[in-house]
Amino acid sequence: MDAVFSVPEPRNEPVRDYAPGSPERASLQRRLAELAEERLELTMTIDGQQRMGAGPAIDVVQPHRHGHVLGVTHNATNADAVAAVTAAKKAAPMWRALSFEDRAAIFLRAAELLAGPWRDTLNAATMLGQSKTAYQAEIDSACELIDFLRFNVGYAHKLLAEQPQSSPGVWNRLDHRPLEGFVYAITPFNFTAIAGNLPSAPALMGNTVVWKPAPTQQFAAHFTMRLFEAAGLPPGVINMVTGHGVEVSEVVLADPDFAGVHFTGSTKVFQMLWRTIGENVARYRSYPRLVGETGGKDFVIAHASADVDALHTALVRGAFDYQGQKCSAASRAYVPRSLWEGGLRDRLAATADSLSYGDVTDFRNFGGAVIDARAFARHTKALELISGDDACRILAGGTADDSEGYFVRPTVFECTDPAHESFTTEYFGPILGVHVFDDDRFEEAVAQAESIAPYALTGSIFATDRRVIDWAGETLRYAAGNFYINDKPTGAVVGQQPFGGARASGTNDKAGSWHNLVRWMSPRTIKETFVPPTDHRYPHMG
Ligand SMILES: NC(=O)c1ccc[n+]([C@@H]2O[C@H](COP(=O)([O-])OP(=O)(O)OC[C@H]3O[C@@H](n4cnc5c(N)ncnc54)[C@H](O)[C@@H]3O)[C@@H](O)[C@H]2O)c1
Ligand SMILES: N[C@@H](CCC=O)C(=O)O
């Protein structure tokens, strides 16, 4: 077809609330019951074929009831990784040759399927496999993934339309080529939306992909792969390998056609990947694109002029939604003494103690369990460190119990030492440290908070005095890639708050925006001269 097409105007998917008695709640509960009865074979998908990895088996369980196995996956071996890379390379010419409209239509169809008949499945899988409540699943596996799919098409369309100027007699053009090679997408446990976005964004731009989800997210990842297939994704475009990834990286990062990594996860793993890529750099056909969104130690800073009700709610939701397992979660707060001793301390502790964490299929619960035994051990160790230190005092929580699920109580502690390890280390759990400062030492507290942790992902300032908001915004300019004024530091929405941070928090390529998509293309400039010169001599030569 010969036409310059426009694309549907992207819009954010409305969030359903699953209130008691609502039809959407009944429908989701039915799907939860069905999926909880499954014991799925969580296969790899290579060249459109589903088969088990050849390495050892891994049980995928419900974190809030770890005796309940949802499915079994297997670690992918070097040979499995070779098969995935081969499939990605084989599919590349076919996928590149499809028009942008054909590629976009697949992902737009995936968005509509997810908004409709697939919504309950992805939400139920995310609730059971990652211990999210109905609301936390809805904003992730339904709305955010739908938004990524729709908005990426809109941003990509604008990027492709980006063309240079032409002087008289010349036609300059930009050919927005996919990368030469394949992309390696490695995704974290905590967001089904991120797991779906990291392989699909480079694929939309014409690249083929090897995708390695986290084993603890494999239940929802399995259904995400089925969703892409149902939307018409051809075999070999996204090849999903399972397991821990070490053996996959040994193969992928040594391949000459490795063209980029699209990573979200911990800072430690991204730095390890970066080092390996650096060591292998001479092997590659092109310099690989390195895109990584990583850890955070996200702050909330309050001024004495802050609205204390808003601050209280932001701390509770920011720190304890999804058990603190958002990279954006508030994990350190800086509060003036007048607000803290004027009632916030007791109120925050009482609210934290009142939050119910339990089985997420019981919709009365505020939260579920932390993801696995490794996370549980990290949190119990942190709680021991905090409770054993004279500088810190636990005000709420501080306990954990893994007898049935990996439960860690919402914990609030106060610490007189703002340089304490608990203010610099990412625990990635429901643990909030508070440093209380004298009201007249606000500027000192902000300056210290700015650079004490190596991260710069999200942060909030609470104040009603506009001069304070202005000053803090400037002083904290490089301390957070997503900065919030009088709001919690979590809950970025695609198309509204492009997400990502710098320093040890990543390359800040802003998932779900054109900043990210531009990394998956390699422009070729074309200059066509209609009437080329036929005399090599210049006029000044006489
Ligand atoms: N900045 C962001 O946008 C963002 C978003 C979500 C999560 N996170 C971060 O992610 C972390 C939590 O997620 P996680 O526990 O899944 O992180 P993780 O780093 O443990 O794992 C991330 C992924 O890397 C894989 N992996 C580990 N070693 C590998 C290797 N050698 N080769 C290939 N893959 C390998 C894991 O299996 C998983 O798929 C936190 O640090 C959090 O802050 C950041
Ligand atoms: N985009 C999400 C965080 C993703 C990281 O885990 C938020 O803004 O809360």
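A residue counts as buried if 20 or more other C-beta atoms lie within 10 Å of its own. I'm writing that down before anything else, as I need it for His262. I also note that this is a predicted model.

**Entry: His262**

Is His262 buried or exposed? I looked up its surroundings and found 28 other C-beta atoms within 10 Å, so His262 is buried. Then I checked where His262 belongs: it sits in strand S10, which runs over residues 258–264.

Which residues does His262 touch, leaving out those up to four places away in sequence? My list reads Val183, Ala185, Leu198, Pro202 and Val291. I also took a distance to Val434, which is 172 residues from His262 in sequence. From C-alpha to C-alpha, the two are 34 Å apart in space.

**Entry: the cores**

I went looking for nonpolar cores next. The largest one has 95 residues, and Val209 and Val210 have the most contacts inside it. Which helix gives the most to this core? I found that helix H5, residues 134–161, does, with 13 residues.

Apart from that core I found another, of 67 residues. Ala329, Trp340, Leu348 and Val412 are among its members.

I went back to Val209 for its contacts, skipping neighbours within four places in sequence. They are Ala88, Phe182, Val183, Ala185, Pro199, Pro202, Ala203, Val237, Ile238 and Asn239. Val183, Ala185 and Pro202 caught my eye, since Val209 contacts them and His262 touches them too.

**Entry: ligand 2**

What surrounds ligand 2? I noted Asn190, Phe191, Lys326, Cys327, Ser328, Thr490, Gly491, Ala492 and Phe499. Sorted by class, that shell has four nonpolar, four polar and one charged residues.

**Entry: the whole chain**

Time to zoom out. I counted 15 helices and 23 strands in the chain. Of its 542 residues, 53% are buried.

How does the radius of gyration fit a compact globule? For 542 residues, such a globule would have a value near 24 Å; the chain has 25 Å, so the two agree. Along its principal axes, the C-alpha trace spans about 85 × 65 × 50 Å.

I also looked at contacts with a separation of 6 or more. Residues 24 or more positions apart account for 76% of them.

**Entry: the record**

Last, I checked UniProt. An unreviewed entry there places the feature "domain: Aldehyde dehydrogenase" at residues 57–514. In the model, I found that this span is 41% helix and 21% strand. Its end C-alpha atoms lie 39 Å apart.

Methods. Residues numbered from 1 in each chain as written. Chains lettered and ligands numbered in written order. Predicted model: local features only at pLDDT ≥ 70, side-chain atom pairs only at ≥ 80, totals over all residues. Core = buried A, V, L, I, M, F, W, Y, C linked by C-beta atoms within 7 Å. Buried ≥ 20, exposed ≤ 12 C-beta atoms within 10 Å, placed from the backbone. Helix = DSSP H or I, 4+ residues; strand = E, 2+ residues; numbered from the N terminus. Contact = placed C-beta atoms within 7 Å. Near = placed C-beta within 6 Å. Nonpolar A, V, L, I, M, F, W, Y, C, P; charged D, E, K, R; others polar. UniProt positions renumbered as here; feature names shortened; annotations may be inferred. Rg over C-alpha atoms; globule rule 2.2 N^0.38 Å.
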